[in-house]
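Student: Hi! Could we go through a model together?
Tutor: Sure, here it is.

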Amino acid sequence: MTFIAMPEKTTRCPAILISAPASGQGKTTVTAALARLHARQGRKVRVFKCGPDFLDPYWHELASGAPVHSVDLWMTGEADVRQRLHEAAGEADLILIEGVMGLFDGNFSAGDLAQLLGLPVLAVVDASAMAGTFGALAYGLQHYQSGLRWAGMLANRVATAHHADLLKQGLRDPALWLGAMPGVQLGDNAPKARTAALLPERHLGLIAAHELSDAMQRLDAAADALAQTPLGQRLWTAAEDAPSWQDWCVDFAPPDISTDSPIDQPKAQPWLAGRRIAIARDAAFSFIYPANLDCLRSMGAELCFFSPLAGDALPPCDALWLPGGYPELHAQALHANQVLRAGIGEHVAQGKPVWAECGGMLALCEGVTGLDGHIQAMWGLLPGQVIMQNRLGGLGMQQLVLDTGLLRGHTFHYTRLETTMQVHTRSSRPGAAVQPDRGEALYAHGSVRASYFHAWFPSNPAVVAGLFGATIQA
């Protein structure tokens, strides 16, 4: 008897995409505040982040209580995006998607994603230094790209009620007004902070929620402020005479597996079955996509996490992954863990693979030279000195082509590496050929493969399996 698989049904769920005219407008704060506000009211909220980002998801996970995945039409692929949102809509009461940069920035922008999926768009605008121009900016955003579904506009960093009135009066369509976020206080004994500084930053972006003892207090302060706006007071159930969240329902269809899209991912196979992968994970090595861990598990790998900062030794393993993070902020503690340094040295001497990604590569080098010229020693297992700098050393989407295929990912760093290591190959911009001295170098040093390139593992599991020691036929 032949069984024919029935197509999955479309799932329906309230959802909005939170975007802005540019970076730094406060969309992360608003997204986290919305998630916290509805989670406190007992709803199951799922949050997603457009584009590559390790730090914002920590805040969204704390606010919503659920894992946060990235969605991007190039890096993760349309099929992956549709599948994740379809599954989330089947279990969640509300879906929030935070955009990346400005609404229309990038070859695959947040606006493109909203148009493809029919997502209502909420624009967060830093209105701290404007009045009537808020309306002009809102009008431009609304009409720049046809076919978008609009939820409305939220003014951020608003000084007074009078200021909010001026902003609201500037809108051509008053129905778009979703309120103004005021200044926020963190408590009687805490320093006063405007919404702009509610979620603090450092050179690679927001400080992760798990690094702040008052992270939940900050989220509650933002949620309390949002609760005073029309957006925060919007009815949940449908009403005839008032707007509700049900007006923003979206039908999420599963991916069409009958089409062969160039951005769809190859299927994982059990290439890593029986292999144990040790993964550094703590405040120094925290740039880990949950989807990357899922990908390794889907190939049969056993994952073993350890903390270099806690003084852990290298666990028994067949391969090692040192993710990105902030090892430069913890150089003294990392250098002091000589037991781990010796363990990694023995691991490499035995020819076992190491994938060192950005900060993970930095930790393996001889040292880090700070902006003040001070040199901090690291593990010294790779020849090279890392130089901190004030300007970006790399930013944007990247692809890495190896013998087993093409791996998608991105780069974002403020350091440069001076090294004598062999360059195995280089990454390139999406769709572009590899060029000398462009993109990010993939260094080969014994069994270590190291790069500033951050890989999105599900984009090509076969390539990832090869990096962790599996033999894959091209």
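Tutor: We can talk about a sheet, a cavity and one arginine. This is a predicted model, where local features need pLDDT of at least 70, side-chain atom pairs count only at pLDDT 80 or more, and totals for chains, interfaces and linings use all residues. Residues are numbered from 1 along each chain as its sequence is written, and side-chain values use heavy atoms, with hydrogens and water left out.

Student: What is the strand order in the open sheet of 4 strands?
Tutor: The order is S18-S17-S19-S22, with mixed pairing. Strands are DSSP runs of E, at least two residues, numbered from the N terminus, and two of them pair if DSSP finds at least two bridges between them.

Student: Which strands stand at the edges?
Tutor: S18 (375–377) and S22 (415–418); each has a single partner strand, so one side of each lacks a neighbour in the sheet.

Student: And how do S19 and S22 run?
Tutor: Antiparallel, with 4 bridges joining S19 (residues 385–388) to S22. Met388 stands opposite Thr415 in S22.

Student: New topic: where is Arg82 found?
Tutor: Arg82 sits in helix H3 (residues 73–89); helices are DSSP runs of H or I, at least four residues.

Student: Is Arg82 buried or exposed?
Tutor: Arg82 counts as buried, because its relative accessibility is 19%. Buried means under 20% relative accessible area, exposed over 50%, partly exposed in between (1.4 Å probe, protein chains only).

Student: What is Arg82 in contact with?
Tutor: Beyond neighbours within four places in sequence, Arg82 is in contact with Leu116, Leu117, Ala253, Pro254 and Pro255. Contact means heavy atoms within 4.5 Å.
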